[in-house]
Amino acid sequence: MRIFAATSRYVQGDAALDELGRHCKVLGRSALVITDADMARLLGDRVLASFKAADVACALEVFPGEITHAAITALAQDSLRFGADMVVGLGGGKALDTAKGVALKLGLRSISVPTIASNDGPASAAIAVYDDEHIMQDILHLPRNPDLVLVDTGVIANAPARFLRAGIGDAISKKFEAQACASAGALTLLGTPASLTGLMAADACYSIIRKHAAAALRAVEAKQVNNDLEALVEATVLLSTISFENGGLSVSHAIARGFSYLQRAKGTLHGDHVAYGLLVQLVLENRPLAFIEELIGFYHEIGLPTLLQDFGLLQPSNKEIRELAEKSMVSPSAARFSPPVDANQLEAAIKRVEQLGG
Ligand SMILES: [Zn+2]
């Protein structure tokens, strides 16, 4: 048995936001758009105009902060009052996951409109729910992937480059994580072995990043859209998600989970954690030194982290490294690796990365 899952429609391009209403019209008659205060101010008028032009009812709802069960419940009440039959998330991961949480709670259509490309969340069925301290509490799942993912590359080009860089970090590991799952005989998040489509998506994701990432980051630093940025965004928003849902996650993402417990790394981005986690995974895989060094050179070129000090952990203590290793084992992704790893091996691999990454 194999299962393949993905969003049913993906729309990407400069000024795509102005087409949002038209693409939503096939999904329903009334949209609740959940966004943060900044995006409401920057993009709210364009969103409302696009729904008006498509003759679809729309209400903007400003979402206050962290994605918690309480926030989802309160917004679900608003959605019921408005009579929405689709819920649109507009913004970063928190707004998108909150919108998905409301869609899940009420059984409505789900639409993701990311305004940064910092992770693989927008096209995914997964919803990460946190507590007020930003420690992950739950991962919920929509019964199907979002019905529509729409990415305006003009908006992405105007966001800070650090977000796109983190999106590259979250995507660059996927080929190696999918391969690790396949060689461990692990099942994907869909409960089956990886499909060939999933494995090929992960391969393509990596190739596109290696070819286009540097030029795409330069484009974003100049606030411009070019073909490199279009290619890179397709890899980091669409292929990255297809890769992990249909190929599986492994040690790179386990390490990323561990980072969320490190006090001194607070405020650093998930994608950067994954990029570092990939280096740890490659050490555990006993990859040739030349291979790892070449990848570290690429990280340096595009500004991805290679040392714990890049996350604010100047001179990381043995205790911090031990905590990172132990908390990483909390993640189910740590078990999708063969031969099985324990906290001691992760600790040794982290220390090796600290030697190599300078
Ligand atoms: Zn991720």
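# Exercises on a predicted zinc-binding model

The zinc ion has three protein donors, Asp170 (OD), His253 (NE2) and His270 (NE2), which lie 2.1 to 2.2 Å from it. Donors are N, O and S atoms within 2.8 Å of the metal (3.2 Å for Na, K and Ca), and water is not among the atoms, so sites may look incomplete. The model is predicted: local features need pLDDT of at least 70, side-chain atom pairs count only at pLDDT 80 or more, and totals for chains, interfaces and linings use all residues. Residues are numbered from 1 along each chain as its sequence is written, and side-chain values use heavy atoms, with hydrogens and water left out.

## Exercise 1: the zinc donors

Describe how the donor residues of the zinc ion are spaced in sequence, and state whether His253 is buried or exposed.

Step 1. The donor spacing reads D-x82-H-x16-H.

Step 2. The pair of histidines links distant parts of the chain: His253 belongs to helix H10 (residues 251-259) and His270 to helix H11 (residues 270-284), 17 residues apart. Helices (H or I, at least four residues) and strands (E, at least two) are DSSP runs, numbered from the N terminus.

Step 3. Buried means under 20% relative accessible area, exposed over 50%, and partly exposed in between (1.4 Å probe, protein chains only). His253 has 9% relative accessibility and therefore counts as buried. His270, with a relative accessible area of 34%, is partly exposed.

## Exercise 2: the domains and their contact

Give the domain bounds and describe the area that domain 1 and domain 2 bury between them.

Step 1. Domain 1 covers 10-157 and domain 2 covers 174-356; such bounds come from an automatic or database domain assignment. The contact takes 22 residues from domain 1 and 22 residues from domain 2, where contact means heavy atoms within 4.5 Å. The C-alpha centres of the two domains are 26 Å apart.

Step 2. Between them, domain 1 and domain 2 bury about 1700 Å², with 61% of it on carbon and sulfur atoms. Buried area is the accessible area (1.4 Å probe) that two parts lose on being put together, summed over both.

Step 3. On the domain 1 side, Tyr10, Asp120 and Ala157 lose the most area to domain 2, together 32% of what that side buries.

Step 4. The count between the domains is 1 salt bridge, defined as a side-chain nitrogen of Lys or Arg within 4 Å of a carboxyl oxygen of Asp or Glu. Asp120 forms a salt bridge with Lys174, and their closest N and O atoms are 2.6 Å apart.

## Exercise 3: backbone features in loops

Locate Asn286, Gln315 and Pro339, and give their backbone features.

Step 1. Asn286 is in the loop between H11 and helix H12 (289-302). Although Asn286 is not a glycine, its phi is positive, about 55 degrees. With a relative accessible area of 67%, Asn286 is exposed.

Step 2. Gln315 sits in the loop between H12 and H13. Its phi is also positive, about 45 degrees, although Gln315 is not a glycine. Gln315 counts as exposed at 74% relative accessibility.

Step 3. Pro339 is in the loop between helix H13 (318-328) and H14. The peptide bond from Ser338 to Pro339 is cis, with omega near -5 degrees.
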